[in-house]
Amino acid sequence: FTDFVLEHPAGNGYLGPRHLGKMRWPHALLFQSLMLEYAATGDARIPRALEKHYLADDVPYDFERNAANVEAICWTYGITRNPKLLALATRAWDQAIAGRWAKHFSLQSLLSDQLPLCHGPVWTELIKIPAILSMYGGDPRWMEAVIHGFRKLQRDQILVDGAPSSNEAFEGVHSRAVHETCAIADLDLSLAYMLLATGSAEWADQIERAVFNAGAGAVMKDFKAFQYFS
């Protein structure tokens with residue numbers, strides 16, 4: 001599948017189907033798999049293809065979860081060192097927090113004591129983006145804001161197994177609270193970026209708690225099935 005995508009770009013380098021319209025969230029998830037493929041094989045086609053894709057595409061990043069692509073944009077910049085990619089990543093996040101995600105992910109929102117009230121998987125997925133930008137030389141205030149955001153999440157939403165309550169939206173800590181399996185996976189990836197960015201073992205501790213409790217409790221032992229809600 002990855003070979004087919006890489007070998008069939010549009011004339012301008014765009015990867016993937018055109019029927020998605022402005023939606024680019026599926027690209028963010030597919031490109032995570034390409035990043036892992038590169039880590040395993042060093043396939044030089046991957047960063048070249050992603051560079052062409054992102055510089056050719058003019059999608060608005062304030063649409064839905066398009067800003068999740070900042071992860072792959074920064075990753076590609078880290079390999080190619082093309083400054084246009086870093087500028088694109090910064091512009092994409094600025095679009096996102098000026099529009100749809102302002103009340104959840106702006107500096108002001110994250111640094112406030114406001115409860116994180118959002119769709120659980122969206123929050124746990126996108127909270128890594130400003131941390132990633134900080135790793136690539138962005139505004140250092142973002143790291144402070146993301147850390148504060150995680151502190152609020154721990155305070156208000158984390159259940160006993162280490163994952164946030166997420167009955168679609170965050171719903172607080174109580175005896176009937178549940179969480180979606182996708183929120184567990186998104187949380188752990190974002191925590192992994194916090195570990196990379198800070199080097200602090202506290203983020204590894206949170207990953208371990210969520211993976212070996214919430215994660216293990218949400219899937220079958222043979223990984224052939226999982227619960228939507230746990």
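This is a short talk on how some helices, loops and cysteines are arranged in one structure.

Okay, hi everyone. Before anything else, keep in mind that we're looking at a predicted model.

Let's start near the beginning of the chain, with H2 and H3. Helix H2 covers residues 25-41, and helix H3 covers residues 45-56. These two pack at an angle of about 155°, and their axes are 10 Å apart. Angles over 145 degrees count as roughly antiparallel, so that's what we call H2 and H3. If you want to find the contact on screen, look on the H2 side for His-27, Phe-31, Leu-34, Glu-37 and Tyr-38. Facing them from H3 are Ile-46, Pro-47, Leu-50, His-53 and Tyr-54. By class, that contact comes out as 7 nonpolar residues, 2 polar and 1 charged.

Now stay with H3, since it has another partner. What is the angle between H3 and H5? Here the axes cross at roughly 55° and come within 10 Å, and H5 itself is residues 83-98. That makes the pair oblique. The crossing of H3 over H5 is left-handed. From H3 you get Glu-51, Tyr-54 and Leu-55, and from H5 you get Lys-84, Leu-85 and Leu-88. Sorted by class, there are 4 nonpolar residues, no polar ones and 2 charged. And yes, you've heard Tyr-54 before: it's in the H3 contact with H2, and it turns up in the one with H5.

Just ahead of H5 there's a backbone detail. Arg-81 sits in the loop between H4, residues 70-80, and H5. Most residues other than glycine have a negative phi. Arg-81, though, is not a glycine and has a positive phi of about 60°.

Moving along, let's go to H9, residues 128-135. How many of the residues of H9 are buried? It's 7 of 8, so this helix is mostly covered. The buried ones are Lys-128, Ile-129, Pro-130, Ala-131, Ile-132, Leu-133 and Ser-134. Notice that a lysine, Lys-128, is on that list. What do these buried residues pack against? Quite a list: H2, H4, H5, H8, H10 and H11. Right after H9 there's Gly-137, with a positive phi of about 95°.

That brings us to H10 and H11. H10 is residues 141-156 and H11 is residues 181-198. They pack at about 135°, with the axes 12 Å apart. Roughly antiparallel would need an angle over 145 degrees, so this pair is called oblique. H10 passes H11 in a left-handed crossing. On the H10 side you'll see Met-143, Val-146, Ile-147, Phe-150 and Leu-153. H11 brings Leu-187, Ser-190, Leu-191, Met-194, Ala-197 and Thr-198. The tally for this contact is 9 nonpolar, 2 polar and no charged residues.

In the loop between H10 and H11 you'll find Glu-168. It's another non-glycine with a positive phi, about 70° in this case. Glu-168 is partly exposed, at 33% relative accessibility.

While we're on H11, look at Ala-192. Ala-192 is partly exposed too, with a relative accessible area of 27%. Compare its place with Asp-156: the two are 36 residues apart in sequence, and C-alpha to C-alpha they are 21 Å apart in space.

One helix further on is H12, residues 201-218, and that's where Gln-206 lies. Is Gln-206 buried or exposed? It counts as buried, at 14% relative accessibility. If we skip neighbours within four places in sequence, Gln-206 is in contact with Gln-154 and Leu-191. Leu-191 is one of the H11 residues that meet H10.

Last topic: cysteines. How many disulfides are there in the whole structure? The search finds 0. Take Cys-118: the nearest cysteine sulfur belongs to Cys-182, and it's 12 Å away. A disulfide needs the two sulfur atoms within 2.5 Å, so Cys-118 and Cys-182 don't make one. Their surroundings are worth a look as well: Cys-118 is buried, with a relative accessible area of 8%, while Cys-182 counts as partly exposed at 34%.

That's my tour, thanks for listening.

Conventions: Residues numbered from 1 in each chain as written. Predicted model: local features only at pLDDT ≥ 70, side-chain atom pairs only at ≥ 80, totals over all residues. Heavy atoms only, no water. Axes fitted to C-alpha atoms, helices over the stretch in contact; angles between N-to-C directions. Helix = DSSP H or I, 4+ residues; strand = E, 2+ residues; numbered from the N terminus. Parallel < 35°, antiparallel > 145°, perpendicular 65-115°, else oblique. Left-handed = near helix turned anticlockwise from the far one by under 90°. Contact = heavy atoms within 4.5 Å. Nonpolar A, V, L, I, M, F, W, Y, C, P; charged D, E, K, R; others polar. Buried < 20%, exposed > 50% of the residue type's maximum accessible area, 1.4 Å probe, protein only.
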